[in-house]
Amino acid sequence: MSDSNAPEHLDAKHERNREQRIEGIKRWVEYIKSEPPETWEPQQNAVVNDQLDAAQSVQTSASHQQHVKDDAEDILEEESNSGDDSR
């Protein structure tokens with residue numbers, strides 16, 4: 001028996017994951033605003049370097065790269081619509 005609600009379930013899961021990523025980014029922004037760069041810069045560098053290594057090792061597809069770009073644009077648009085100019 002197939003689950004006719006599977007696409008909606010997946011869409012909802014993807015939306016929850018996206019919202020969780022955005023909340024994590026917002027928490028990180030608050031953290032870097034509250035701490036000196038000497039505290040968070042090494043942490044950020046480690047995360048970025050690990051992400052670059054991971055991306056290079058799996059050779060992400062063009063469609064995935066576009067997905068990431070679209071998410072980033074959505075985040076920037078959401079920030080501009082909320083009036084948050086404190087980047």
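A salt bridge here is a side-chain nitrogen of Lys or Arg within 4 Å of a carboxyl oxygen of Asp or Glu. By that rule the count comes to seven salt bridges. Keep in mind that this is a predicted model. I will go through some of the bridges and then turn to the helix packing.

First, the frame. The chain has three helices and zero strands. Read from the N terminus, the order of elements is α-α-α. Of the 87 residues, 7% count as buried. The accessible surface of the chain is about 7400 Å², and 52% of that belongs to carbon and sulfur atoms.

Now to R18. Where does R18 sit? Its place is in helix 1, which covers residues 6–34. Is R18 buried or exposed? The relative accessibility is 18%, and the limit for buried is under 20%, so R18 counts as buried. Setting aside neighbours within four places in sequence, R18 is in contact with D71 and D74.

R18 also forms a salt bridge with E15, where the closest N and O atoms are 4.0 Å apart. Both residues lie in helix 1, three residues apart, which is about one turn of the helix. Their accessibilities fall into separate classes: E15, at 37%, is partly exposed, whereas R18, at 18%, is buried.

The E15 pair belongs to something wider. Which residues are linked in a network of salt bridges with E15 and R18? They are R21, D71 and D74. As a general remark, side chains of opposite charge can pair when their charged atoms come close.

Next is K26, which appears in two of the bridges I want to show. With E23, the side chains meet in a salt bridge at 4.0 Å, N to O. K26 and E23 are three residues apart in helix 1, so about one helical turn separates them. E23 is partly exposed, at 40% relative accessibility, and K26 is partly exposed as well, with a relative accessible area of 38%.

The other partner of K26 is E78, and here the closest N and O atoms are 3.3 Å apart. K26 lies in helix 1 and E78 in helix 3, residues 62–82, so this pair ties together parts that are 52 residues apart in sequence. E78 has a relative accessible area of 35%, which makes it partly exposed.

That leaves the packing of helix 1 against helix 2. Helix 2 covers residues 37–58, and its axis comes within 8 Å of the axis of helix 1. At what angle do the two axes cross? The angle is roughly 145 degrees, and the crossing is left-handed.

Which residues make this contact? From helix 1 there are W28, Y31 and I32, and from helix 2 there are T39, W40, Q43 and Q44. By class, the residues of this contact divide into four nonpolar, three polar and no charged.

To put the two parts side by side: the contact of helix 1 with helix 2 has no charged residues, while helix 1 is joined to helix 3 by the salt bridge between K26 and E78. R18, also in helix 1, is in contact with D71 and D74, and these three residues share a salt-bridge network with E15 and R21.

Terms used. Residues are numbered from 1 along each chain as its sequence is written. This is a predicted model: local features need pLDDT of at least 70, side-chain atom pairs count only at pLDDT 80 or more; totals for chains, interfaces and linings use all residues. Side-chain values use heavy atoms; hydrogens and water are left out. Helices (H or I, at least four residues) and strands (E, at least two) are DSSP runs, numbered from the N terminus. Buried means under 20% relative accessible area, exposed over 50%, partly exposed in between (1.4 Å probe, protein chains only). Contact means heavy atoms within 4.5 Å. Axes are lines fitted to C-alpha atoms, for helices over the stretch in contact, and angles run from 0 to 180 degrees between N-to-C directions. A crossing is left-handed if the near helix is turned anticlockwise from the far one by less than a right angle, and right-handed if clockwise. Ala, Val, Leu, Ile, Met, Phe, Trp, Tyr, Cys and Pro count as nonpolar, Asp, Glu, Lys and Arg as charged, and the others, Gly among them, as polar. Accessible areas come from the Shrake-Rupley method with a 1.4 Å probe; for residues, only the protein chains shown count as cover.
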